[in-house]
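Here is a set of short exercises on how helices and strands fit together. Keep the structure open beside you and try each task before reading its solution.

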Amino acid sequence: MNIFPSEHPVSNKSLSLLSLPLLLCLAFAVSGCGGGNNAVPTSSASAENAQQPHKLTIMLDWYPNAVHSFLYAAQQNGYFKEEGLDVDIQMPADSNDALKLVAAGKADLALSYQPQVLMARGEQIPVKSVAAIVRHPLNHLMVPADSGIKSPKELAGKNAGYSSVPLYEAMLKTMVKSDGGDPSAVKLIDVGFDLIPAISTGRVDGIIGGFINHEQLILEKEGHPVISLDPTDYGVPDYYELVLVASDLGLQNSEGYIEKFIAAARKGQQFVAGHPQEALDLLMAHEDATAPLDKDIEIKSLELLLPLMDAGDQPFGYQDPASWDKVKAWLNDNGLLNGDFKTQEAFINL
């Protein structure tokens, strides 16, 4: 599948959760995660083996872009190496692949999304978030700046495009209802990957599923400015847009190495925050040939992202248990969760 800059991974994020159990059977054919030897070295290990960096694979959620700058900073500045790690950063062929592969033990770590991790746990998929990367929603409801629409309820009688994902349909309905409107009065149109052309050509009066650090910036650059409405202002819980995920088995076998990975990632994020231009230069050197980056877009994207990735007094990656409780309750109320499980099964702070 080709992934183009005008498409966002949210367009593909409707996790094929029912197919994940089929992949999980593959995990039993390996002793641990896909990164190789997963046991933390013991005192009986030879000096030669102890000096060998431990290999870990991380699967991105999409092609390399500004949100991944901390990983490339950690890699290029030697932070992973300092922790004794050899990290392979991979791009998925399809944005659904990341969670599937880590669940099946074919990747050690993956970038995914807080709601999807909870929905996976509801399907008894043994994945767990180990760090919050982007702490607030990037997916906003967007309407043309000249439309006169100022709040979600004003979409009544109008068309709203979404990207094939039931989660986003539920978000829009929550926003309209919270704003005092009638969700049934909004005509939802599944526009698939075509969020940008759908709104720029007037096919729809608003879109849900576009990100403020991507679709909104592209629309503005192409002469179609939009107003973005934050879902957390209209009844949707303040969820973690991007999280770092491991499997239960991976944590069992390699928790020490995952802790080292997170320590290096924190150094990477500190570098990005202090040296954003240098960090972007490192990123641009790793742009994928199938998805060339627009440097102007990535500069603006990183400016938007940095405050949304900041954990304040807590270390980068910290996860608030209350956030997981609130998101789980909202998903359950909207019929998006199957099964019964404890919230703490879905995340861990390392």
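The exercises below go through two sheets and some helices.

This is a predicted model, in which local features need pLDDT of at least 70 and side-chain atom pairs count only at pLDDT 80 or more, while totals for chains, interfaces and linings use all residues. Residues are numbered from 1 along each chain as its sequence is written, and side-chain values use heavy atoms, with hydrogens and water left out.

**Exercise 1. Work out the strand order of the sheet that contains S5, and find its edges.**

Step 1. Helices (H or I, at least four residues) and strands (E, at least two) are DSSP runs, numbered from the N terminus. Two strands pair if DSSP finds at least two bridges between them.

Step 2. Reading across this open sheet of five strands gives S7-S6-S8-S5-S9, with mixed pairing.

Step 3. S7 (187-190) and S9 (226-229) are the edge strands, each pairing on one side only. On average, neighbouring strands are turned by 35 degrees against each other, direction ignored.

Step 4. Now look at the pairs. S6 (residues 159-162) and S8 (residues 206-211) are parallel over three bridges, and Ala-160 has Gly-206 of S8 as its bridge partner. S5 runs antiparallel to S8, joined by four bridges, with Leu-141 opposite Ile-208. S5 also runs antiparallel to S9, again through four bridges; here Val-143 stands opposite Ile-227.

**Exercise 2. Is strand S5 buried or exposed?**

Step 1. Buried means under 20% relative accessible area, exposed over 50%, and partly exposed in between (1.4 Å probe, protein chains only).

Step 2. On one side of S5, Asn-139, Leu-141 and Val-143 are buried, and on the other His-140, Met-142 and Pro-144 are buried too.

Step 3. Six of the six residues of S5 (residues 139-144) are buried, so the strand is largely enclosed by the rest of the structure.

**Exercise 3. Check the length of helix H7 against its expected span.**

Step 1. The expected span is 1.5 Å times one less than the number of residues.

Step 2. H7 (residues 166-178) has 13 residues and should therefore span 18 Å; its end C-alpha atoms are 18 Å apart, in agreement.

Step 3. Buried residues of H7 include Leu-167, Tyr-168 and Met-171. After the helix comes Gly-180, with a positive phi near 90 degrees.

**Exercise 4. Describe how H3 and H10 meet, and what they pack on.**

Step 1. Axes are lines fitted to C-alpha atoms, for helices over the stretch in contact, and angles run from 0 to 180 degrees between N-to-C directions. The axes of H3 (residues 69-76) and H10 (residues 248-274) come within 7 Å and cross at roughly 105 degrees.

Step 2. The two helices are therefore roughly perpendicular (angles under 35 degrees count as roughly parallel, over 145 as roughly antiparallel, 65 to 115 as roughly perpendicular and the rest as oblique).

Step 3. Contact means heavy atoms within 4.5 Å. Among the contact residues are Phe-70 and Leu-71 of H3 and Phe-261 and Gly-268 of H10.

Step 4. The other sheet has the order S2-S1-S3-S10-S4, with mixed pairing. S2 (85-90) and S4 (127-134) each have a single partner strand, so one side of each lacks a neighbour in the sheet.

Step 5. H3 lies across S1 (54-59), S2, S3 (109-112) and S4, at about 145 degrees to S2. H10 touches S1, S2, S3, S4 and S10, and its direction makes about 130 degrees with that of S10.
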